[in-house]
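Q: I am new to this structure and would like to learn how to read the contact between two domains. Please take me through it step by step.

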Amino acid sequence: MKIIILGAGQVGGTLAEHLASEANDITVVDTDGDRLRDLGDRLDIRTVQGRGSLPTVLRQAGADDADMLVAVTNSDETNMVACQVAYSLFHTPTKIARVRESSYLSREELFDNDHIPVDVLISPEQVVTNYIKRLIEHPGSLQVIDFAEGKAQLVAVKAYYGGPLVGQQLRQIRAHMPNVDTRVAAIFRRDRPITPRGDTLIEADDEVFFIAARKDIRAVMGELRRIDETNKRVVIAGGGQIGERLAEAIESRYQVKIIEMSPARCRYLSDTLESTVVLQGSASDKDLMLEENIADADIFLALTNDDEANIMSSLLAKRLGARKVMTIINNPAYVDLVQGGEIDIAISPQLATIGTLLAHVRRGDIVSVHSLRRGAAEAIEAVAHGDAKSSKVVGKAIEDISLPPGTTIGAIIRDEQVLIAHDDTVIESGDHVILFVVDKKHIRDVEKLFHVGLSFF
């Protein structure tokens, strides 16, 4: 696939990295020559320096025969104009734009071929807000991913000493929970993936990814670790777009406080939010944190745009007694450094956004793609089409499907039913199939499984 990416920042660069390794023809456009040189030195891609909304620059990037334009510059307006130019002058089939400003996003009628021709809108702030909200709703989870509009969920937890299943084989899950069907999709032990089998022993500190129907998630978590108390008190450092959206989404169910430096922003948040308490000051101010009883907080969230400020305020909050600490980290190099110590969960906005983008880039009928373990693996929701003659999966039992190495099928969603995958489960046309891919070099092989042969048409 021939793809033009506008913007060589964190999201554009990470997307180029993902796609270049999958044999796509990638061109990255940016005004910053240094960024482009850095990407060009590391990846097998073309680079063009210039403003991505200009017709001359787009033509130089190969827009005449591009399959897709992904506009992820820091300017909403540049991204929207680039999509308009690509549609009007080059008839680019698929146009994806990152749009941050909520006043644009609230007017859906803006984005169609008669107005601003954007096929897919990506709002990183909304993606990250939803991601954090799911983590708050599932105390003890490291990652929570919805499939088939939330009918099934993939949850990552760290197995703790004292969990009922720690030290036992995976096949014991069924004996422990005869009324709950679940499947362990993958285990990461000391940062290395282990393919789960019936005789695999779960060890303390393993990161265990399991999939189950939404209603069964809490029961399965209880088998792997002590169930954390329900969250009640949430403190948010940073009243920017993500902080505001998150507070708005959870304030009816939790006691929420926001700590924000800007007096003007504090006034705005006070007027906009209903029950959230807004405090003016710095989350790195020890006296303020003590005064606001940070030791009583169930969750402290550092959501400013400054990685260093987020890390320092999180370390302070944990030291002063906050039960769980989550931190947004924009620099990917920091994520692995900080997660798992004093900071419980490091959230990378880039990786959260990349999953949304990848779902629209993958071939085959791919509904969603989610990056796991900071990009080390992927969870994919694909739809099976065709019949036994035209499809490599329809009409076959899972044990008879030639899955690529390191790939497992975790569950199948059929209409309203969540079917946890077993060897004798047969896939039908229209099923949503949830796959877990540990080795990303096999992504293309997974996509090919869900292509429909010509005999179907």
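Q: How much area do domain 2 and domain 4 bury between them?
A: This is a predicted model. In it, domain 2 and domain 4 together bury about 2,100 Å², with 69% of that on carbon and sulfur atoms.

Q: Where do the domains lie along the chain?
A: Domain 1 covers 2–122 and domain 2 covers 128–224. Domain 3 runs over 233–347, and domain 4 over 352–450. Between the centres of domain 2 and domain 4 there are 19 Å, taken over C-alpha atoms. Each of these two gives 23 residues to the contact.

Q: Which residues of domain 2 lose the most area to domain 4?
A: They are Phe147, Lys151 and Arg183, which make up 28% of what the domain 2 side buries.

Q: How many salt bridges and polar contacts cross the interface?
A: The rule finds 0 salt bridges between domain 2 and domain 4. The polar contacts come to 4 residue pairs, both residues being at pLDDT 80 or more.

Q: Which elements give two or more residues to the domain 2 side?
A: Four strands do: S7 (141–147), S8 (152–158), S9 (182–189) and S11 (207–213). By type, the residues on this side are 14 nonpolar, 2 polar and 7 charged.

Q: How many helices and strands does the whole protein have?
A: The protein has 15 helices and 22 strands. Its radius of gyration is 23 Å, close to the 23 Å from the globule rule for 457 residues, so the protein is as compact as a globular protein of that length.

Key:
Residues numbered from 1 in each chain as written. Predicted model: local features only at pLDDT ≥ 70, side-chain atom pairs only at ≥ 80, totals over all residues. Heavy atoms only, no water. Domains from an automatic or database assignment. Contact = heavy atoms within 4.5 Å. Buried area = accessible area lost by both parts, 1.4 Å probe. Salt bridge = Lys/Arg side-chain N within 4 Å of Asp/Glu carboxyl O. Polar contact = N/O pair within 3.5 Å; in protein donor to acceptor, adjacent residues only side chain to side chain. Nonpolar A, V, L, I, M, F, W, Y, C, P; charged D, E, K, R; others polar. Rg over C-alpha atoms; globule rule 2.2 N^0.38 Å.
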